[in-house]
Amino acid sequence: MHVFIDTNILLSFFHYSSDELDALNDVFASHEHGSATVHLTEQVVDEFHRNREVKIKDALKRFKDIKLSAQMPSFLKGYEEYDEIRQLSSEIQQKQKSILEKVNTDISSKNLNADRLIKDIFERSDVINTTQEVFNTASMRMAIGNPPGKNNSIGDAINWVLLLSSVPNGKDLHVISADGDFYSTLNEKQCHPFLNDEWHEKKNSTLFAYRTLSDFMKVHFDGVAFSFDKDKDALIDDLADSGSFATTHSLIAKLEEYSYFSVKEVKKILSAAEENGQFGGIISDDDVSNFLNRIAVPHIGSLSEDSHKEILQIVINEQKERTE
């Protein structure tokens, strides 16, 4: 399976999106283990770096514009709920201020969950470069009016030319993009007929398009169709079976080499800490605490097990004590 993920999909993780980072991780893990081939172009990489701050700025503005203060008519005074609402409103405003302070630091240092995963993806992928020949071909497409491309922007055309040259003949292409240039004007769920016909003619195969990563995953991901990072998974399994503190420290050091962990992986790690005293007994040690603080605490809102949250609360408290 050959897959192209457009820049707008990557940037959606820095804005308002229903897609999950875990899905992006799954697709590229599948690429590394041969279940899929993801075509990453230099154009996508450059567009991402150019537009990251723009997306973040707009998302932060929208968040700050949300009215979190409770505006209530004066005749509600005297009711017990009035003071409760005022108190809750004040607490929410403090939470907003607190999360903005934290996130601004991570934005500046490019340490958001999405930053770490996408950086890891870019570093481990073979990026398809834009050559002068590719640029000339894309420029010609635009000049004669062939899609994709709009508003005198050549980026989409460059990506398309690169895909035509990099995907083997006879292989279907799955494009994941929110860009309307890839879709039919009459039926927004279908590929643009010109692109569909061109792909069929030149590659002797079929073009598919999906507006979101979740749309693609619903069709093609069933827990079997894609493989995961087997080496990382084996290290997590070893944590559950660790027979000594020394072994646990060694495993944590190896896992530190991975920049991103999915919610499923975090849950598996926390279960290992809960069930194995050779792991759970040293969660306050500097290396273990730092590891869990980095990979698990950001996912605390996605955890349902109280025991997992309790482990992370110990980590959070330990981190606070260390900085005070």
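**Exercise 1. Find out how far apart Glu318 and Arg322 lie in helix H15, then look at their salt bridge.**

Step 1: Glu318 and Arg322 both belong to helix H15, four residues apart, or about one turn of the helix. Helices here are DSSP runs of H or I with at least four residues, strands are runs of E with at least two, and both are numbered from the N terminus.

Step 2: The two residues form a salt bridge, with the closest N and O atoms 2.8 Å apart. That term asks for a side-chain nitrogen of Lys or Arg within 4 Å of a carboxyl oxygen of Asp or Glu.

Step 3: Glu318 has 13% relative accessibility, so it counts as buried. The cut-offs are under 20% relative accessible area for buried, over 50% for exposed, and partly exposed in between (1.4 Å probe, protein chains only).

A word on the model: it is predicted, so local features need pLDDT of at least 70 and side-chain atom pairs count only at pLDDT 80 or more, while totals for chains, interfaces and linings use all residues. Residues are numbered from 1 along each chain as its sequence is written, and side-chain values use heavy atoms, leaving out hydrogens and water.

**Exercise 2. Work out which helices the Asp286 and Arg322 pair ties together.**

Step 1: Asp286 forms a salt bridge with Arg322, the closest N and O atoms being 3.7 Å apart.

Step 2: Asp286 sits in helix H14 (residues 286–295) and Arg322 in helix H15 (residues 306–323), so the pair ties together parts 36 residues apart in sequence.

Step 3: Now the accessibility: Asp286 is partly exposed at 48%, and Arg322 is partly exposed at 35%.

**Exercise 3. Do the same for Glu265 and Lys232: are they buried or exposed?**

Step 1: These two form a salt bridge as well, with the closest N and O atoms 3.2 Å apart.

Step 2: Glu265 lies in helix H12 (residues 263–275) and Lys232 in helix H10 (residues 230–241), so the link spans parts that are 33 residues apart in sequence.

Step 3: Glu265 counts as buried at 11% relative accessibility, and Lys232 counts as buried at 3%.

**Exercise 4. Lay out the open sheet and find its edge strands.**

Step 1: Four strands run in the order E2-E1-E5-E6, with parallel pairing. Pairing takes at least two bridges found by DSSP between two strands.

Step 2: Strand E2 (37–38) and strand E6 (207–210) are the edges, each pairing on one side only.

Step 3: Strand E1 (residues 2–5) pairs with E2 over two bridges, and Val3 stands opposite Val38 in E2.
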